[in-house]
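This report describes selected parts of one protein model: its sheets, some of its helices, its nonpolar cores and two arginines.

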Amino acid sequence: MTEKLVVIGNGMAAGRALEELFRREPDRYEVTVFNAEPRVNYNRIMLSPVLSGEKAYEDILIHDDDWYVRNRVNLIRGEEVIAINRADQRVISRAGTVAEYDRLIIATGSLPFIIPVPGHDLPGVLSYRDLDDVEAMLAQARKGGSAVVIGGGLLGLEAAAGLKAQGMEVTVLHLMPTLMERQLDQSAGYLLQRAIEDRGIRVITRANTHAVVGDDKVEAVRLDDRTEIPADIVVMAVGIKPSIALARDAGLEVNRGVLVNDLMQTSDPAIYAVGECVEHRATCYGLVAPLYEMAKSVGAGLAGDDSLTYEGSITATKLKVTGVDLYSAGDFAEGDDREEIVLRDASHAIYKRLVLRDNRIIGAVLYGDTADGPWFFQLMKDGTDISDMRETLIFGQGFAGAGPLDPMAAVAALADDAEICGCNGICKSVIVDAIAAGQSDLDGVRATTKASSSCGSCTGLVEQLLELSLGESYARPAVQSMCGCTDLGHGEVRRLIIAKALKSIPAVMQELQWQTSCGCAKCRPALNYYLLATWPGEYVDDQQSRFINERVHANIQKDGTYSVVPRMWGGITTPDELRTIANVADKFAIPTVKVTGGQRIDLLGVKKDDLPAVWSDLNAAGMVSGHAYGKALRTVKTCVGSEWCRFGTQASVSLGVRMERFLWGAWTPHKVKMGVSGCPRNCSEATIKDFGVICVDSGYELLFAGAAGMEVKETVPLCKVETEEQVMEYCVALLQLYREEAHYLDRMHKWLARVGMEHVQQAIVGDAENRQALVDRFNFAQQFAQTDPWSERAAGRDAHEFTSLATPDLEAVA
């Protein structure tokens, strides 16, 4: 007797399950399919080409009307099933249609997540899940105007590209720092953003939507920072959630999705579930490949074959925006048990990264050249040991098993007209001829041919040509690289950040061809500083590229507690401030209160959880962070000067307070300490500071590049000035020059030793126009720097940094 099979849903997963069933047992069931849409089965992953105009609806059909007729399927269109009666084994649609079943497939798919912000229900706010959504977008696109897409994931970017192709002005808003962060690492996300922007689509990352603005329809999107982006249509593409209401109301076991076993059966063995509505082994899938694998198991089970079980999927993603080649598969997160192989080609916008564990690929990210994606994916699925091809693995299947590449042989094999320097259009023969004519080093080749003189990314090739032409007589110049992630030194990196207008860490790593995907603990803090100093107001400080002390704005101690040092301007305090410090010490049981060498008070032994509350109490008394933990201005130490001392020649206290209030908050390559002494007796130890002022009867002697740490250095004279205004001008100009030129973690005396006194004197003392330009750049940067980090975190910012992991009560456990 023919059994009755009812399918709730007519999407891709349900269709593939029926195909597998009909292949095995075409006559076993009388099949009824309920489709909430008034259509046949179509390929939803091809909606993007329909939106962009590259395809029509008819081009993306999977099963046309004839298919249903041939397979004797009763397709009920436009009717949503609203109830499952498991006792009577029947389903009921909203229109009242009843269908009995012996076996049932739930394939209800997923629902788009709509951000519940004010205005989310205005006309013009759409999701992007089915053909109805596409038709609504196309209707608006025909009128022209602006579109805002909220969500920089796979669907959001496809929607943005489609709307742009239809002639709309498009802005993509994304909450995270880089696009498609679930499928891509930062480097690939940077390249993707650049490609999307090259298409004329505006991308705003770290954008938190506050509201959709409008009266009777959408007019704009407002962000948390009050920025408003005009919009005639808003597409929300921020994620999906499994559609489980029908299964839950029927009494089936659900969690995030409908729970199934490896046979794809629900808690009722007569009922299967497949597709995006499913949760299998604690995982929900939103990509088509896992859904098709599930469907094969469902089809086999319905045909009586329970041997084809579903055991989960490794997923791969390929972006379907024309012209963007992107492939992602597996797990590419960082970890101590993992290694990576990275290939970057900045000139061709290529980035490849393989993540390995125990000599097996567990993740892959490819951008720009994705031809080997399926091969890497198969190696990953098969768990292939890649030890024998490790040296050439990243170059793809064509090099598999070949010996290690000889870079010198590769350069020698280049044709004479092969381009070496893309910036200046210099080919191999021009460089070789210059070397033959007598140029024997990199500087000579640069001066003669211009090769390697612009962005510097071809420097390695030029040096290889020098070595190839001159043999052992050529010695490469020794350059201290920043770290093992790059061959470039700090100076070259700083120069190239400006020359190539690089404004993010992923941009630096891609364009300068970093040899790792995400950098390391040496280069990331340095890059973060260089970008902050170079692009104030544009670059957003990356907290995760800072060391722990700077992330939590306090110094960690050996027992895991922290020290808190509030700022005391020029060493001056008040009774109210002292009472507040005492009250905070009592309130939070802080065990040690110590006067520091920088004329401040240190609260030692503060618990991490208490930091925001301690800061809040100190803020209430007007105290801000002393940056005792930071690569920044620490203190301006003063003596009492002419205000009190009979030997004082100038008002050193008020000058020191003025300097500190003006300079605080500025990040620097290393810590900066200053001192102002009211007379040559030097009570404030100005002659061992990074910048010191000695007050004399006729004005102020300015000194710099001193230190009193592991290396003791006496300051050297910069110049003598007559007024406080000049002290401020020269001090600010010197600090800015140090900020712009020093290598990260170099104190001022190390910077001076590298650049030379003549250079500093000329830049600060000898060139008034340059001195003023330095002051102007510092003043501009300070408007973005003088925000108290304590008050921000007392108000709740970065709350996760100040929450300790719970410690179990061992006695209770026992």
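Two strands count as paired if DSSP finds at least two bridges between them. The model is a predicted one. With that meaning of pairing, aspartate 345 stands opposite isoleucine 350 in β26.

## Sheets

β25 and strand β26 (residues 350–357) are joined over seven bridges in the antiparallel sense. Both belong to an open sheet of five strands, with the order β23-β24-β27-β26-β25 and antiparallel pairing. The edges of this sheet are β23 (316–318) and β25 (339–345), each of which pairs on one side only. On average, neighbouring strands here are turned by 10 degrees against each other, direction ignored.

Two helices lie across this sheet. Helix α6 (residues 186–198) crosses β24 (326–330), β25, β26 and β27, and runs at about 20 degrees to β27. Helix α9 (residues 373–382) lies across β23, β24, β26 and β27, at about 160 degrees to β27.

A further open sheet has three strands in the order β15-β16-β17, again with antiparallel pairing. β15 (209–213) and β17 (228–230) are at its edges with a single partner strand each, so one side of each has no neighbour in the sheet. Neighbouring strands of this sheet are turned by 20 degrees against each other on average, direction ignored. Strand β16 (residues 220–223) and β17 run antiparallel and are joined by three bridges. Arginine 222 has glutamate 228 in β17 as its bridge partner.

## Two arginines

Is arginine 793 buried or exposed? Arginine 793 is buried, because its relative accessible area is 2%, and buried means under 20%. For arginine 360 the relative accessible area is 34%, so this residue is partly exposed.

| Residue | Backbone oxygen reached by the side chain | Distance |
|---|---|---|
| Arginine 360 | Glycine 383 | 2.8 Å |
| Arginine 793 | Proline 789 | 3.1 Å |

Arginine 360 is placed in strand β27 (residues 360–367), a member of the five-strand sheet. Neighbours within four places in sequence aside, arginine 360 is in contact with Val355, Gly383, Thr384, Asp385 and Ile386. Glycine 383 therefore appears both among these contacts and as the residue whose backbone oxygen the arginine 360 side chain reaches at 2.8 Å, while arginine 360 itself is partly exposed. The C-alpha atoms of arginine 360 and cysteine 518 are 20 Å apart, with their positions 158 residues apart along the chain.

Arginine 793 is found in helix α26 (residues 789–794). Not counting residues up to four places away in sequence, arginine 793 touches Gln543, Arg551, His553, Pro612, Trp615, Asp798 and Phe802.

## Helices α4 and α24

In helix α4 (residues 131–141), the buried residues are Leu131, Asp133, Val134, Met137, Leu138, Gln140 and Ala141. They pack against β3 (41–42), α2 (47–52), β11 (125–126), α5 (154–165) and β18 (233–236). Aspartate 130 caps the N-terminal end of α4, where a side-chain oxygen of aspartate 130 lies 3.1 Å from the backbone nitrogen of aspartate 132.

Which residues of helix α24 (residues 757–766) are buried? They are Val760, Ala763 and Ile764. Seen down the axis of α24, these buried residues fall within an arc of 80 degrees, so they line one face of the helix. An α-helix has 3.6 residues a turn, so residues three or four places apart point the same way. On the other side of α24, Glu758 and Gly766 are exposed. The partners against which the buried residues of α24 pack are β37 (699–704), β40 (716–721), α22 (724–741), α23 (748–755) and α25 (768–785).

## Nonpolar cores

The largest nonpolar core has 72 residues, and Leu163, Leu192, Met482, Val493 and Trp514 have the most contacts inside it. Helix α16 (residues 523–534) gives the most to this core, with eight residues. Apart from this core lies another, of 51 residues, among them Leu5, Ala14, Ala250 and Leu302.

With neighbours within four places in sequence left aside, methionine 482 is in contact with Leu488, Gly489, His490, Val493, Trp514, Lys522, Cys523, Ala526, Leu527 and Tyr530. Val493 and Trp514, listed here as contacts of methionine 482, are also listed with Met482 among the core residues that have the most contacts.

Methods
Residues numbered from 1 in each chain as written. Predicted model: local features only at pLDDT ≥ 70, side-chain atom pairs only at ≥ 80, totals over all residues. Heavy atoms only, no water. Buried < 20%, exposed > 50% of the residue type's maximum accessible area, 1.4 Å probe, protein only. Helix = DSSP H or I, 4+ residues; strand = E, 2+ residues; numbered from the N terminus. Contact = heavy atoms within 4.5 Å. Polar contact = N/O pair within 3.5 Å; in protein donor to acceptor, adjacent residues only side chain to side chain. Core = buried A, V, L, I, M, F, W, Y, C linked by side-chain atoms within 4.5 Å. Arc of directions from axis to C-beta. Axes fitted to C-alpha atoms, helices over the stretch in contact; angles between N-to-C directions.
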